[in-house]
Every structure is written in structure tokens, then in C-alpha cells.
Amino acid sequence: MPGIEFANLAPNIGAEVRGLDLSRPVAAAEMAALERALADRAVLLIRGQDITPEQHIAFSRQLGPLEDHVLSNFCLPGHKEIFVVSNIIENGKHIGAFGGSKQYHSDLAYLDEPSLGSVFHCLECPEEGGETSFVSMSAAYAALPEERKRWLQDKKAVFDYVWHYERTHRDRPALTDEQKAKVPPIAHPVVRTHPVNGVPSLFLTEIWIRRFEGMDDAESQKIVADLLAFATGPEFIYVHKWSPGDILIWDNRNSMHKACPFDETGTRRRMHRTTVTGTRPYFEAAA
Ligand code: SIN
């Protein structure tokens with residue numbers, strides 16, 4: 001193994017990576033080790049990274065091409081690849097996405113090709129609260145009863161971004177017709193196979209899912225809620241307490257995450273996220 005080391009953060013999810021400096025290009029052998037560890041542990045922590053937006057983007061591109069977020073109003077000026085997540089108001093305007101993400105989700109799950117993962121850089125964080133909580137959806141799936149797994153394996157869930165946005169984000173600007181056209185409802189398999197290690201995971205979120213294909217909204221949402229109540233048991237979770245300079249890479253193909261509450265009016269939280277493009281989810285039954 002090249003000069004990096006991994007140490008697990010929680011039994012089923014997360015590893016800290018030591019020995020990396022993201023201000024410089026990461027060597028191919030180290031990237032291969034990172035990509036495998038990401039598939040196996042879902043969340044990688046790299047501490048002490050005092051990097052510029054350009055260095056953040058350059059490292060993220062080593063994982064793959066980057067998405068431009070549909071909410072371009074929350075991207076870092078001059079850096080459309082960086083989506084700002086923040087409660088800070090400057091010149092009377094929010095500098096980033098605020099007040100959201102307090103429910104478990106995987107980023108851009110509502111796209112035809114949901115994102116592979118995200119690289120999240122902490123610039124400012126409150127002393128209390130504002131952690132990010134992660135769930136291993138592969139460990140949760142593995143722990144389900146076999147009969148439930150079989151029932152889920154041919155199900156598809158309809159993710160509907162506009163439906164969710166219009167019910168939830170009444171404090172944000174209304175979506176334009178152009179924005180709506182980019183995010184039509186999309187059906188994805190509820191169990192997905194990880195393309196790197198072949199491990200199956202639940203592919204569900206607390207937001208955007210309107211129904212299972214062929215079932216009505218209310219019935220579907222009850223089943224989704226039951227599955228998520230199971231998946232968010234403490235054995236499947238890692239909660240990250242942030243320090244400035246932390247970078248977390250998370251894998252959207254086998255995990256969900258959410259931001260934890262904090263004092264949004266009296267403290268500052270400023271995070272930069274790049275989002276790596278992914279491929280269409282699929283399920284392949286084990287041979
Ligand atoms: C996100 O959902 O991408 C951000 C999570 C956080 O703010 O902790």
C-alpha cells in the first residue's frame with residue numbers, strides 16, 4: 001500500500017485516511033486505494049486540509065467529472081462546481097443552501113444518473129451541533145430479513161424533486177421552468193449493486209420519494225418510512241463532528257446522510273461541496 005493509512009470510524013461505516021495532502025495531485029495508486037475504501041466504508045475522513053476552491057475541485061475531479069447543481073444561485077461565485085451549504089447571510093442574501101438537508105438523503109438521487117459521491121470541505125462550523133450523520137445502506141440491507149430483501153429486489157421508487165421542493169421549500173425562490181425541466185420524476189431500483197465491490201444496498205431517502213412504481217403514494221410512503229426507521233438504527237450510523245479543514249468524501253451509492261441541527265441564527269456554518277457524477281443505479285442478483 002502507498003503511504004496512506006486507514007482507520008475505521010464506526011463498526012459498519014466510515015474510515016479516517018491518514019497521510020494525504022489534497023493541495024497536491026494524489027498519485028494513481030493512492031486514488032485506487034481511496035476508491036476501494038470508499039466503496040467498502042462509504043465515508044472517508046481526511047483532516048487538516050487547508051485547501052483552496054481550485055484544489056478542492058482538482059482533487060474531486062480525480063474521482064470523476066463534476067456536477068453543476070440545479071440551484072446555481074447557491075454555487076460559489078466563479079466556481080460553478082462548488083455548491084455552498086451555509087446559514088450565513090451576506091448583503092441580505094444567503095450565500096448557500098440553508099435550512100435543508102436535515103433529513104436523510106443521498107445527493108442528487110432524483111437524477112437519472114445520481115451522483116457517485118460528494119467531497120465536503122468544512123470552512124466554518126459551530127462548536128455545538130451541525131454534525132453530519134451517515135447511514136450505511138449496505139449494512140442496513142444486509143441486516144434485513146431474507147423475505148424482505150426478496151420483496152424489495154424488483155421494486156422501483158419514483159424520485160420527484162419538484163413535488164418535494166414545492167411542498168417543502170416555501171422559504172426558497174420558486175423553481176423556474178428551466179430548473180423544473182432538468183429534474184423530471186425518475187424511477188430507480190430500491191436495491192442497487194455497488195459497481196466497485198458488487199455489494200447490494202438499499203437505495204432510499206427520506207426526501208424526494210413519492211411512491212413505489214405501481215403503488216399509491218400513501219401506501220408507498222408508509223413502507224419507505226418503515227424501512228428507513230430500520231436503516232437508521234444506531235448500528236448503521238456514523239455521526240461526524242466537524243472541525244475546520246476536515247474533508248469528508250461520501251459515497252452516495254451505499255449511504256445516506258443528513259445535517260444535524262445547530263443554532264442557525266447565532267453561529268456560522270460554511271461548507272463547500274463538490275458532487276461527482278455517477279451512473280444509472282442497477283441491481284444484479286448475486287450468482
Ligand atoms: C448535504 O446534504 O450535502 C450537506 C450535509 C450537511 O450540511 O451536513
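Two strands count as paired if DSSP finds at least two bridges between them. Keep that in mind as you work through this predicted model.

**Exercise 1.** Work out which strands pair with E18, and in which sense.

*Solution.*
- Step 1: Start with strand E5, residues 79–86. Four bridges link E5 to E18, and the two pair in the antiparallel sense.
- Step 2: Pick out one partner. Serine 86 has arginine 270 as its bridge partner in E18.
- Step 3: Now take strand E8, residues 117–124. E8 and E18 run antiparallel and are joined by seven bridges.
- Step 4: Here cysteine 122 has methionine 271 of E18 as its bridge partner.

**Exercise 2.** Explain why strand E18 is largely enclosed by the rest of the structure.

*Solution.*
- Step 1: You need a cut-off: buried means under 20% relative accessible area.
- Step 2: Strand E18 spans residues 270–276, and six of its seven residues are buried, so E18 is largely enclosed.

**Exercise 3.** Describe the surroundings of the ligand, beginning with the residues around it.

*Solution.*
- Step 1: List some neighbours. Among them are Val85, Phe120, Trp250, His105, Arg269 and Arg273.
- Step 2: Sort the shell: four residues are nonpolar, four polar and three charged.
- Step 3: Check the distances to ligand oxygen atoms. A polar side-chain atom of histidine 105 sits 2.8 Å from one. For arginine 269 the value is 2.7 Å, and for arginine 273 it's 2.7 Å.
- Step 4: Finish with the area. Taken alone, the ligand exposes 260 Å², and the protein buries 99% of that.

Definitions and conventions
Residues are numbered from 1 along each chain as its sequence is written. This is a predicted model: local features need pLDDT of at least 70, side-chain atom pairs count only at pLDDT 80 or more; totals for chains, interfaces and linings use all residues. Side-chain values use heavy atoms; hydrogens and water are left out. Buried means under 20% relative accessible area, exposed over 50%, partly exposed in between (1.4 Å probe, protein chains only). A residue is near a molecule or strand if one of its heavy atoms lies within 4 Å of it. A polar contact is a pair of N or O atoms within 3.5 Å; within protein, one must be able to donate a hydrogen and the other to accept it, and residues adjacent in sequence count only if both atoms are side-chain atoms. Accessible areas come from the Shrake-Rupley method with a 1.4 Å probe; for residues, only the protein chains shown count as cover. Ala, Val, Leu, Ile, Met, Phe, Trp, Tyr, Cys and Pro count as nonpolar, Asp, Glu, Lys and Arg as charged, and the others, Gly among them, as polar.
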